[in-house]
Amino acid sequence: MNSGLEHFVAPPNVYEVEDDAFAECEFLISIRLPAIQLGKQVFRYCTSLKSAHLPHVERMGINTFEDCYEIENVTLSDVLRKLPSSTFSDCKNLKQITLPFNLTTIGKHCFYGCKNLMFLELPDYVNNIDSECFLYCENIEYVSVSMYHTITSGSQSLFYRLGPPISKI
């Protein structure tokens with residue numbers, strides 16, 4: 001969908017955004033949504049999107065930001081408990097993200113191909129990280145994990161094909 005839309009601020013009564021609502025809006029640069037629920041692939045292929053402010057989101061579908069190459073800044077609600085599969089897949093400019101405080105699950109390929117992701121702090125409640133979550137995250141230097149919780153992974157390839165060795169974990 002090539003709408004020419006660059007910035008979008010939704011009114012406060014928008015609670016749900018349906019599948020593919022902004023997908024392929026190639027000129028979209030920033031978005032502010034009060035929505036609680038996001039469908040699948042809502043921003044997929046928004047190749048110019050740099051900023052997304054989603055302070056109330058509680059549920060999101062798969063591939064939410066997939067192939068948003070320019071995304072740098074994402075604000076998510078602390079009540080969000082799951083990042084589904086491929087949420088940030090191929091978000092090449094994503095360098096750092098503050099994950100929601102109550103996050104428990106990070107889905108398969110969630111950060112796949114985030115080549116510039118350098119720092120990641122896993123919240124205390126994260127206890128499930130699906131396979132290949134960080135595949136091709138070539139520049140991760142630092143991963144912070146609480147010493148008080150156990151993380152299970154669906155695969156041994158959790159940090160497979162990283163670039164230089166992680167300096168701290």
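**Exercise 1. Pairing of strand E5 with E7**

Task: Determine in which sense strand E5 and E7 pair, and over how many bridges.

Solution. In this predicted model, strand E5 covers residues 51-54 and pairs with E7 in the parallel sense, over 4 bridges. A residue-level view of this pairing is given by Ser51, which stands opposite Asn73 in E7. The next step is to place the pair in its sheet. The sheet is open, has 4 strands in the order E1-E3-E5-E7, and shows parallel pairing. Its edge strands are E1 (7-9) and E7 (73-76), each of which pairs on one side only. Direction ignored, neighbouring strands of this sheet are turned by 5° against each other on average. In general, the strands of a sheet pair through backbone hydrogen bonds, in either a parallel or an antiparallel manner.

**Exercise 2. The sheet of 3 strands**

Task: State which strands stand at the edges of the open sheet E9-E11-E13, and what follows for their sides.

Solution. The order E9-E11-E13 describes an open sheet of 3 strands with parallel pairing. Strand E9 (96-97) and strand E13 (142-144) each have a single partner strand, so one side of each is left without a neighbour in the sheet. For the pairing of E9 with strand E11 (residues 119-121), the sense is parallel and the number of bridges is 2. Within that pairing, Ile97 has Leu120 in E11 as its bridge partner.

To set both sheets in context, consider the whole protein: there are 14 strands and 0 helices.

**Exercise 3. Aromatic pairs around Phe22**

Task: Classify the ring pairs of Phe22 with Phe8 and with Phe43, and explain which parts of the chain they tie together.

Solution. Step one is the count: a search of the whole structure finds 9 aromatic pairs. The pair of Phe8 and Phe22 has a centre-to-centre distance of 5.2 Å and an angle of 55° between the planes, and is tilted. Phe8 lies in strand E1, whereas Phe22 lies in the loop between strand E2 (16-17) and strand E3 (30-32); the pair therefore ties together parts that are 14 residues apart in sequence.

Step two concerns Phe22 and Phe43, with 5.7 Å centre to centre and 20° between the planes. Planes under 30 degrees apart count as stacked, and this pair is accordingly stacked. Because Phe43 lies in the loop between strand E4 (37-38) and E5, and Phe22 in the loop between E2 and E3, the pair ties together parts that are 21 residues apart in sequence.

Step three compares accessibility with the cut-off: buried means under 20% relative accessible area. Phe22, at 10%, counts as buried, and Phe43, at 0%, is buried. Phe8, at 26%, counts as partly exposed.

Finally, ring pairs link these residues into a cluster of Phe8, Phe22, Phe43, Phe65, Phe88, Phe111 and Phe134.

**Exercise 4. Contacts between residues apart in sequence**

Task: Give the C-alpha separations of Ala23 and Cys46 and of Arg59 and Ile36.

Solution. Ala23 lies in the loop between E2 and E3 and is buried, with a relative accessible area of 13%. Its C-alpha atom is separated by 6.1 Å from that of Cys46, with their positions 23 residues apart along the chain. Arg59 is placed in strand E6 (residues 59-60) and counts as partly exposed at 43% relative accessibility. From Arg59 to Ile36, C-alpha to C-alpha, the separation is 6.6 Å in space and 23 residues in sequence.

**Exercise 5. Positive phi values**

Task: Where do Asn63 and Tyr136 lie, and is each buried or partly exposed?

Solution. The general expectation is that most residues other than glycine have a negative phi. Asn63 has a positive phi near 60°. Asn63 lies in the loop between E6 and E7 and counts as buried, at 9% relative accessibility. Tyr136 has a positive phi of about 65° although it is not a glycine. Tyr136 lies in the loop between strand E12 (128-129) and E13 and is partly exposed, with a relative accessible area of 25%.

**Exercise 6. The largest pocket**

Task: Describe the lining of the largest pocket by class.

Solution. The largest pocket holds about 180 Å³ of space. Its lining includes Asp78, Ile97, Phe101, Glu121 and Ser144. By class, the lining has 5 nonpolar, 3 polar and 3 charged residues.

Conventions:
Residues are numbered from 1 along each chain as its sequence is written. This is a predicted model: local features need pLDDT of at least 70, side-chain atom pairs count only at pLDDT 80 or more; totals for chains, interfaces and linings use all residues. Side-chain values use heavy atoms; hydrogens and water are left out. Two strands pair if DSSP finds at least two bridges between them. Axes are lines fitted to C-alpha atoms, for helices over the stretch in contact, and angles run from 0 to 180 degrees between N-to-C directions. Rings of Phe, Tyr and Trp (its six-membered ring) pair if their centres lie within 6.5 Å; planes under 30 degrees apart count as stacked, over 60 as edge-to-face and the rest as tilted. Buried means under 20% relative accessible area, exposed over 50%, partly exposed in between (1.4 Å probe, protein chains only). On a 1 Å grid over the protein atoms alone, a cavity is a set of points where a 1.4 Å probe fits but cannot get out, and a pocket is an open set with protein on both sides within 12 Å along at least five of seven lines; lining residues have an atom within 4 Å of a point. Grid points are joined across faces, edges and corners, and a volume is the space filled by probe spheres set on the points. Ala, Val, Leu, Ile, Met, Phe, Trp, Tyr, Cys and Pro count as nonpolar, Asp, Glu, Lys and Arg as charged, and the others, Gly among them, as polar.
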